Amino acid sequence: MLKNAPVRAPLPLLVAVTMTGTVALHIFVPVLPAAAADLGTSPVAAQLTITLYLVGLACGQLVYGPLSDRYGRRPVLIAGLSLYLAGLLLAIPARSIGVLVAARVLQSLGACGSLVLGRAMVRDVSTAADATRKLAILTMAMTLTPALAPAIGGVVGGAFGWRAVFVLLAAVVAALGLLVVATLPETNRRPVALPGLSAVGAAYLRLLGAPVYRAYVVAGACAGTSLYAFLAVAPFLLGERLGRSPQEVGLDCLLVVAGMVAGAWIAGRLAGRVPTRRAARQGNALCFAGALALLAIDRSGSLSVSTLILPLVLYAVGIGILGPNAVAGLMNVDPHAAGAASSLYGFLQMAFGALFTLSVAAWHDGSATPVAVTLLSAASAAALALRRA
C-alpha cells in the first residue's frame, strides 16, 4: 500500500466496535438480582458490578488515546478486546461476588478501548466533510446500545440464567475481535511520540481552565450517565417492589432509554436552528421536570409501573437533547485539542456515572426516592453549569 494512499475501514465494523464498549454495562442490569441471589450477596454489593464497571470505563479512557497515538489504533484495539474477552470468560464460572466484581473491572478496562478507539478510527478515515455524517451515525448507534442491551439481557437471563449473558457477550466479542484482525487496517498514519504524564496533565488542566468547557463538560457528564442511577436499581425497584419479571424489566428499561433515541432525533432537528446553549438548556428543563415528577409521585404513594416509567421517559428525552449539544459545545472550545477534550469528557462522564450509581446503591430503601433525588440533583447541577456556557 502506498504511504499516502487513503485508508479505508468498514464503517459498520467501527460502529460495532464502539457500541461494544458499553454493552456489558447495560446487558447485565436485568439479571443483577438473579446474580446476587445465586452468589448469596446483598443488592448493595451486587451493584458494585455496575459502579466499578463505570470506574474502569472512566479511568481507561485516559490511557487508550495516548497509547493509540503512539503505537497505532489496531494493536491497541486488539489488546483491549483481548482483555475484554478475558474478563467475560472469568465472569462465567464466578462463584463469589468478589470474583464477579474483579471480572467486571477487567471487562471495563478492556471495553473502554473499544469505546475510545472506535471513535478515533472513524475520525481517522473521514474527510472533514464526511466526519460529521459518520459521527452522527456513531452517536445514534451509541444511543441505541443502552436501549437494546437490557432487553436482550432480560430475555437471555430469564431463559438460560444470568451466566448465559456473559456467554453470549463473550461469543460476540470474540467474533468482533476476529473481524478486526482480519479486515480492519491501521488507520493512524502519523504516530506521535508518547507524551509524558506532565504534558497530558497540562493539556487537561488547560481545558478545565476554560469556563465554557467546564460548563459544557459538567452538563454533558450529568446528562450522559445520570440515568445509570435508575438502571442500577431498576431490577430491584421494578422486580422486587413492582413485581416485574426479568424480561419485563428489560423491556421497561428499553422504553426508558428509547426516550434518549427520541431526544437525540429532536436534537438533530434542532441543530442549526436553535443555538447550542439554548437547546442544551431546553433539554435540561425536561430532565428537571421528569425528575421532579418522579419524586412527587413516589412521595405521594402513587408509584406504579406506568407512573415510574413515564417521568423517566421524559427525563431520557431531555438527556437526548442535552447530551449532543453539550458535547458539541465542549468540542468547539479548542479545536486543536479535540482529542484531549473528548478523552477528558469521557473520563468525567463515567466518573459522574459511578458517583450516581454509588449514591442510589448506598441509599437503597426499596423506593424510587433515591433515584428521583439523584436525577434531580444531576439536572440542577447541569442547569447551574449551563448558566456559565
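**Exercise 1.** In this predicted model, which residues does Leu77 touch, not counting residues up to four places away in sequence?

*Solution.* Start with the position: Leu77 lies in helix 5, which covers residues 73–91. Setting aside residues up to four places away in sequence, Leu77 touches Val17, Gly113, Ser114, Leu117, Met121, Val180 and Leu184.

**Exercise 2.** Decide whether Leu77 counts as buried or exposed.

*Solution.* The cut-off for buried is under 20% relative accessible area. Leu77 has 0% relative accessibility, so Leu77 counts as buried.

**Exercise 3.** Describe the surroundings of Ser114, one of the residues that Leu77 touches.

*Solution.* First, place the residue: Ser114 lies in helix 6, residues 97–124. Next, list the residues it touches, again not counting those up to four places away in sequence: Val17, Thr18, Gly21, Leu77 and Leu81. Val17 appears here and also in the list for Leu77. Last, check the accessibility: Ser114 counts as buried because its relative accessibility is 1%.

**Exercise 4.** How many Å separate the C-alpha atoms of Ser114 and Tyr64, and how many Å separate those of Leu77 and Ser306?

*Solution.* Ser114 and Tyr64 are 50 residues apart along the chain, and their C-alpha atoms are separated by 9.2 Å. Leu77 and Ser306 are 229 residues apart in sequence, and the distance from C-alpha to C-alpha is 42 Å.

**Exercise 5.** Find the residues with the most contacts inside the largest nonpolar core, and the helix that gives the most to this core.

*Solution.* The largest nonpolar core has 114 residues. Those with the most contacts inside it are Phe28, Tyr213, Leu227, Phe230 and Leu308. Helix 11, residues 228–241, gives the most to this core, with 10 residues. Now take Leu227 as a case: leaving aside its neighbours within four places in sequence, Leu227 is in contact with Val256, Val257, Met260, Leu312, Tyr315, Ala316, Ile319 and Leu375.

**Exercise 6.** Compare the radius of gyration of the protein with that of a compact globule, and describe the overall build.

*Solution.* For 389 residues, a compact globule would have a radius of gyration near 21 Å; the protein has 20 Å, which agrees. Along the principal axes, the C-alpha trace spans about 65 × 50 × 35 Å. The protein has 16 helices and zero strands. Of its 389 residues, 52% count as buried. Among contacts with a separation of 6 or more, 85% are between residues 24 or more positions apart.

**Exercise 7.** How many positive and how many negative side chains does the protein have?

*Solution.* There are 26 positive and 11 negative side chains. The centres of the two sets lie 11 Å apart.

Methods
Residues are numbered from 1 along each chain as its sequence is written. This is a predicted model: local features need pLDDT of at least 70, side-chain atom pairs count only at pLDDT 80 or more; totals for chains, interfaces and linings use all residues. Side-chain values use heavy atoms; hydrogens and water are left out. Helices (H or I, at least four residues) and strands (E, at least two) are DSSP runs, numbered from the N terminus. The radius of gyration is taken over C-alpha atoms; the globule rule is 2.2 Å times the number of residues to the power 0.38. Buried means under 20% relative accessible area, exposed over 50%, partly exposed in between (1.4 Å probe, protein chains only). Contact means heavy atoms within 4.5 Å. Lys and Arg count as positive and Asp and Glu as negative; His and the chain ends are not counted. The place of a charge is taken as NZ of Lys, CZ of Arg, CG of Asp or CD of Glu. A nonpolar core is a set of buried Ala, Val, Leu, Ile, Met, Phe, Trp, Tyr and Cys residues joined through side-chain atoms within 4.5 Å.
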